[in-house]
Amino acid sequence: MARLERHSEEGLAKQLTRLIREAIVAGRFTEASHGEQGTARLPASRELARQLHLGRNTVIQAYEQLQAEGYLETRQGAGSFVVPAFLRAPVPIPIREQPLGLSQRGQMLVSTSVIPSGLSGAFAPGMPEIRLFPHHVWQNLLSRHQRSTPWPKLGYTVDGGLPALREALAEYLVLSRGVRCTPEQILIISGAQVGMELSARLLANQGEVAWVEEPGYAGAHASLQAAGMDLVAAAVDDEGLNPDSVKDARPPRLIYTTPSHQYPLGVVMSLPRRLALLAHAARCGAWILEDDYDSEFRYNSQPLPALQGLAQDERVIYIGTMSKVMYPGLRIAYMVVPDGLIDAFRRAHARLYREPPYVTQAALADFLLNGHFARHVRRMRELYQTRQHTLRSALANSPAHWLPLSSGKAGLHLMAYLPMQANEQALSHAAAAQGVVLRPLARNYLGQAPQKGLVLGYAGVDHQEIQRGVATLARLLQEKPHHD
């Protein structure tokens, strides 16, 4: 009676069901309680209702639910009894030195998976300006396809993506990125990291080596580790990932790289380095995962064609995403897979991950074909270039004018390099308390970071937010507690 809450939203019948269930599971009904040896009978519904000052129907409803769940059994003319299995003595649980829980692989994955505390505002990296996205156009496209969707498309689909979307993407990639592909080689997925993990699962065995850029994208690290791969750091210099920097003698099975705009340093891989990387992959039989995450936003020149377009032996898996161009919540990305592998990738993806919704894919196909995508990219390219200039100017006119910055030829963020005595973590925590995101560069290293810095995203930040964020950063840099 003391545990029944008369005015709870849960309701008295549900509460009574829960309380009796908890008592049964906890072993509080013993053999011969209210019955003969080997049984445990509950009070009659009328008697329990009287004791608890409840309606009899409330008790009956609880008993019937517990019987349906397998906790009680009813015997004609004898009453309701606890199922005998719950009356047995509990099996003793052996004491373990280590608590039950994650596997070694799971522990490694979780230990390296830092969930960012700030996902928007100054200076969250990788966040586009979603406030200026043409939402009305997008909603109209979604509504139209929602009304006209054939009912079979509301079930599971295993085609690898809507044909109209794959055709539109193939045309776009061939013309704008120099990718060599047909619509049949494109697989529509729900995120770039899905593509990375799927590639690792299908192309590499447990424990095989994956080269990753150092520093590099932590999301790629997590995806490849989740697939059971052993990560080896390949240093990034002024020309991009350097194969000669790797001292590990084991040949890589996968090589992950962001050649068009390296994350987070912003380096563009030179043509000689691209050719050298392709040659190295051919010699050791490795697959290259090319993450082309924000190549649409280049400000001073046309981007170099995709690495995939240079490969002659189809050893490059190309991965692109709509998260940076449109908005992250869209959850649509794509892969370009060699002809000989696309069927296996499509089947494995259908089994493990499923495709994004038909309506969203259909709307996106129209968004591309009707020119909305190209117009939005042009508008955002101009806006982001202006915001990068605003960030540079604000820093140059602040007490933090001495901070070295990356070139900013492309992308949605700048690297600000700190002196080695600076405390990245202390700066990050202090800024977060004031609503500013300062992402430490050290998070992008597998090993000890040889340099310190902050990843400053500017794309999703307006003029006032940039000014306020710079003022906060400059003030924190002048405080002693933020130095080692």
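Which residues does alanine 282 touch, not counting residues up to four places away in sequence? The first legend answers this, and the other views follow; please keep in mind that the model is predicted.

**Figure 1. Alanine 282 and its contacts in helix H9.** Here we look at alanine 282, found in helix H9, which spans residues 271–284. Leaving aside residues up to four places away in sequence, alanine 282 touches Asp313 and Arg315. Its relative accessibility is 42%, so alanine 282 counts as partly exposed; the cut-offs are under 20% for buried and over 50% for exposed. For a sense of scale, the C-alpha atoms of alanine 282 and alanine 432 are separated by 45 Å, with these positions 150 residues apart along the chain.

**Figure 2. The second largest pocket and its lining.** This view takes us to a pocket holding about 450 Å³ of space. Its lining is made up of 20 residues, and those nearest the centre are Tyr172, Ser176, Phe373, Ala374 and Val377. Three helices each supply at least two lining residues: H6 (163–177), H12 (358–369) and H13 (372–396). Of these, H6 gives the largest share, six residues. By residue type, the lining of this second largest pocket divides into nine nonpolar, five polar and six charged.

**Figure 3. Helix H6 and what covers its buried residues.** Let us stay with H6, which also contributes to the lining of the second largest pocket. The 15 residues of H6 should span 21 Å at 1.5 Å a residue, and the end C-alpha atoms are 20 Å apart, which agrees. The buried residues of H6 are Leu165, Arg166, Ala168, Leu169, Ala170, Tyr172, Leu173 and Arg177. When reading such a list, it helps to recall that an α-helix has 3.6 residues a turn, so residues three or four places apart point the same way. The cover over the buried residues of H6 includes strands S3 (186–189), S9 (316–321) and S10 (333–336), together with helices H12 and H13. Just after H6 comes glycine 178, with a positive phi of about 65 degrees.

**Figure 4. Threonine 360 in helix H12.** A single side chain is the subject here. Threonine 360 has a relative accessibility of 16% and therefore counts as buried, since the cut-off for buried is under 20%. Apart from residues up to four places away in sequence, threonine 360 touches Trp138, Leu142, Leu330 and Ile332.

**Figure 5. Two cis peptide bonds that lead into prolines.** One of them joins glutamate 214 and proline 215, with omega about 0 degrees. Proline 215 sits in the loop between strand S4 (209–214) and helix H8 (218–226). The other runs from tyrosine 263 to proline 264, and its omega is near 10 degrees. Proline 264 belongs to the loop between strand S7 (254–257) and helix H9 (271–284). As background for this view and the next one, most residues other than glycine have a negative phi, and most peptide bonds are trans.

**Figure 6. Two arginines with positive phi.** Arginine 331 has a positive phi of about 55 degrees although it is not a glycine. You will find arginine 331 in the loop between S9 and S10. With a relative accessible area of 44%, arginine 331 is partly exposed. Arginine 354 also has a positive phi, about 70 degrees, and is placed in the loop between helix H11 (339–352) and H12. At 30% relative accessibility, arginine 354 counts as partly exposed.

**Figure 7. An open sheet of three strands, with histidine 429 in view.** The strand order in this sheet is S11-S13-S12, and the pairing is antiparallel. At the edges are S11 (413–418) and S12 (439–440), each pairing on one side only. Two bridges join S12 to S13 (residues 452–457), and these two strands run antiparallel. Arginine 439 has valine 455 in S13 as its bridge partner. From arginine 439 we can also look across to histidine 429: they are 10 residues apart in sequence and 9.7 Å apart in space, C-alpha to C-alpha. Histidine 429 lies in helix H14 (residues 424–432). Its 53% relative accessibility means that histidine 429 counts as exposed, the cut-off being over 50%.

Note on methods:
Residues numbered from 1 in each chain as written. Predicted model: local features only at pLDDT ≥ 70, side-chain atom pairs only at ≥ 80, totals over all residues. Heavy atoms only, no water. 1 Å grid on protein atoms, 1.4 Å probe; cavity = no way out; pocket = protein on both sides within 12 Å on 5 of 7 lines; lining within 4 Å. Points joined across faces, edges and corners; volume = space filled by probe spheres on them. Helix = DSSP H or I, 4+ residues; strand = E, 2+ residues; numbered from the N terminus. Nonpolar A, V, L, I, M, F, W, Y, C, P; charged D, E, K, R; others polar. Pairing = 2+ DSSP bridges. Expected span 1.5 Å × (residues − 1). Buried < 20%, exposed > 50% of the residue type's maximum accessible area, 1.4 Å probe, protein only. Contact = heavy atoms within 4.5 Å.
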